[in-house]
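Hi everyone, thanks for coming. I'd like to walk you through one structure today, so please have the sequence and the 3D view open.

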Amino acid sequence: MRRRRRRSKSDFDTFRFGLLVAGLLPFFVSPAWAKPRSTELTDAVAQSETIAIVKLVELPGAGSPPKPRLNVLRVLKGHLQTGEQEVNFAEYEYPGGPRCEFVAFLDKERKWRFTAAPLHGKNVDSDLLVVYGFAYEDAHWVWPGYLSLAQLTAYLKTGKLVYSFSGPVWFPQHGKIPWAPSSMRIEGTYDAVKKSAHVTGLGKLAGFPAEPSVELSSRDRPSLRLKYSDRGNRPLEIAGRVQGLDQRTGALIARFAVAAPDVLTLATLRKYLDDPRLGSCIYKFRVHCLATKDFPKRDLLLNSNGPIMESLQGWGASPLEFESAGNEVAESPDDWRVVFVASKGQAVVLDFNTPKPTNDKDARWEFLVGSQLPYLFDSASVHGTLWLKDGKTPRKITSFSVDVDPVTFGPVYAR
């Protein structure tokens with residue numbers, strides 16, 4: 001087992017500076033051998049002798065006290081006195097919190113083990129609180145990863161921890177990078193103690209469980225996932241990005257999207273949900289090659305299975321097999337190169353000039369959707385260059401544009 005050296009005050013001071021620069025981010029780069037930790041939120045509360053709303057006074061480091069100092073504003077659990085208090089921290093853990101008010105969790109030895117920080121740096125009474133633990137060499141996740149102060153105080157009194165959430169389901173717009181909300185709206189509740197959910201808004205769920213399993217995480221920012229089925233040939237998973245709290249009801253405000261299958265429209269989703277005989281969505285991509293002096297106009301058909309390119313039809317009598325994909329060797333770093341084997345020593349190379357989002361909030365990957373390929377080719381006008389690689393040097397043949405064929409569905413296999 002690798003022995004870990006004891007950190008000096010200067011180490012802590014350097015690390016503290018990094019935390020302050022990162023703001024609320026409780027995650028840090030770890031060595032390859034370190035592993036992240038995970039704690040249930042209910043266990044974090046049970047392990048905490050004291051839970052209090054505090055403000056950070058000082059963290060330990062070079063020229064600072066050896067222990068953290070907190071200004072205790074209000075005690076939610078335990079008997080800690082208000083005012084400035086010195087607390088401890090565990091070996092190989094380095095505590096942290098924002099400069100605004102936050103909630104600190106202390107164990108029976110007054111070791112600061114967890115923080116619940118306002119998502120938007122606002123008051124703890126009105127903002128969503130992101131919960132995380134400490135680990136000096138890797139992340140320490142807490143599940144669920146967030147809650148409101150009202151939920152926390154209710155749980156301390158009653159032992160109940162129930163989340164409510166609502167929001168529209170968003171879909172991509174053909175020919176545009178931004179997504180848009182649809183008329184479909186999800187409303188739901190999740191009991192984090194009983195681990196049970198009740199969700200409405202999706203309509204008919206033919207062949208799926210009546211209620212999903214729910215995951216509430218905050219690895220990058222608060223999100224929730226509703227998983228009805230992880231079957232490869234008939235999946236159903238909804239991803240949601242949490243925007244904040246409804247101040248009137250305390251419900252989570254979310255933007256939902258379908259993570260699986262790869263649906264582009266609300267109509268496709270409804271058709272899929274209505275018919276238990278339909279398997280995963282299948283898309284084919286039409287590559288329209290422009291005519292040149294030495295090359296006739298030609299349409300090629302790009303076949304894929306989810307994120308995996310399978311073959312290219314139309315170049316010869318038989319489909320060309322997929323060889324590789326990536327942007328490392330593309331004409332431009334922003335392009336995406338796909339290579340198909342044409343014959344021994346010869347390959348057809350497609351360089352796709354992919355559309356770029358102008359706003360991260362409008363980007364397709366905000367929703368953590370599935371294979372990305374249908375969204376990529378449907379979101380905007382995609383063009384590219386076709387090369388013929390015969391030997392080491394590719395030869396430019398022509399340019400092309402891309403369309404997405406209408407969706408089809410794969411078969412559903414018995415378990």
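Let me begin with a term we'll need for the sheet: two strands pair if DSSP finds at least two bridges between them. And a quick reminder before we look around: this is a predicted model.

With that term in hand, let's go to the barrel. Here 8 strands close into a barrel, and the order is β18-β19-β20-β21-β22-β23-β24-β25. The pairing is antiparallel. On average, neighbouring strands of this sheet are turned by 30° against each other, direction ignored.

Now the overall numbers. The protein has 415 residues, and 50% of them count as buried. DSSP gives 5 helices and 26 strands. Taking contacts between residues at least 6 apart in sequence, 54% join residues at least 24 apart. The exposed surface comes to about 20,500 Å², with carbon and sulfur atoms supplying 51% of it.

Let's go along part of the barrel, strand by strand. β21, residues 320-326, is joined to β22, residues 335-343, by 5 bridges, and these strands run antiparallel. Within that pairing, Ala325 has Val338 as its bridge partner in β22. Next, β22 and β23 run antiparallel with 8 bridges between them, and there Val339 stands opposite Val349 in β23. The hairpin of β22 and β23 has 2 residues between the strands, and Gly345 takes a positive phi near 80° in it.

One more step takes us from β23, residues 346-353, to β24, residues 382-390. They pair in the antiparallel sense over 8 bridges. Which residue in β24 is the bridge partner of Phe352? It's Gly384.

Keep your cursor on Phe352, please. The largest nonpolar core has 85 residues, and Phe352 is among the members that touch the most others, together with Tyr163, Leu226, Leu252 and Phe377. What does Phe352 touch, leaving out residues up to four places away in sequence? The list is Leu302, Asp335, Trp336, Val338, Phe377, Val382, His383, Gly384, Phe400 and Val402. You've already met two of those: Val338 as the partner of Ala325, and Gly384 as the partner of Phe352 itself. Phe377, too, came up a moment ago as one of the core members that touch the most others.

There is another core, apart from the largest nonpolar core, with 18 residues, among them Leu80, Phe89, Phe102 and Ala104. Phe102 and Ala104 sit in strand β5, so let's move there.

How many residues of β5 are buried? The count is 5 of its 5. In general, side chains in a regular strand alternate between the two faces of the sheet. In β5, Phe102, Ala104 and Leu106 are on one side, Val103 and Phe105 are on the other, and all are buried. So both faces of this strand are covered.

β5 also has strand partners. With β2, residues 50-58, it pairs in the antiparallel sense over 5 bridges, and Ala52 stands opposite Ala104. With β6, residues 112-118, β5 runs antiparallel and is joined by 4 bridges; the bridge partner of Ala104 in β6 is Thr115. The hairpin of β5 and β6 has 5 residues between the strands, and Arg110 takes a positive phi near 60° there.

Last stop: charges. Side chains of opposite charge can pair when their charged atoms come close. Searching the whole structure finds 12 salt bridges. In one of them, Glu93 pairs with Arg37, and the closest N and O atoms are 2.8 Å apart. That pair links distant parts of the chain: Glu93 is in the loop between β4 and β5, Arg37 is in strand β1, and they are 56 residues apart.

Is Glu93 buried or exposed? Glu93 counts as buried because its relative accessibility is 5%, under the 20% cut-off. Arg37, at 35%, counts as partly exposed.

Another salt bridge joins Arg113 to Asp107, with the closest N and O atoms 3.5 Å apart. Arg113 is partly exposed at 22%, whereas Asp107 counts as buried at 12%. Then there is Arg185 with Glu187, at 3.1 Å between the closest N and O atoms. Here Arg185 is partly exposed at 43%, and so is Glu187 at 36%. Finally, salt bridges that share partners join Arg37, Glu93, Asp107 and Arg113 into one network.

Note on methods:
Residues numbered from 1 in each chain as written. Predicted model: local features only at pLDDT ≥ 70, side-chain atom pairs only at ≥ 80, totals over all residues. Heavy atoms only, no water. Core = buried A, V, L, I, M, F, W, Y, C linked by side-chain atoms within 4.5 Å. Buried < 20%, exposed > 50% of the residue type's maximum accessible area, 1.4 Å probe, protein only. Contact = heavy atoms within 4.5 Å. Axes fitted to C-alpha atoms, helices over the stretch in contact; angles between N-to-C directions. Areas by Shrake-Rupley, 256 points an atom, 1.4 Å probe, with all protein chains shown as cover. Salt bridge = Lys/Arg side-chain N within 4 Å of Asp/Glu carboxyl O.
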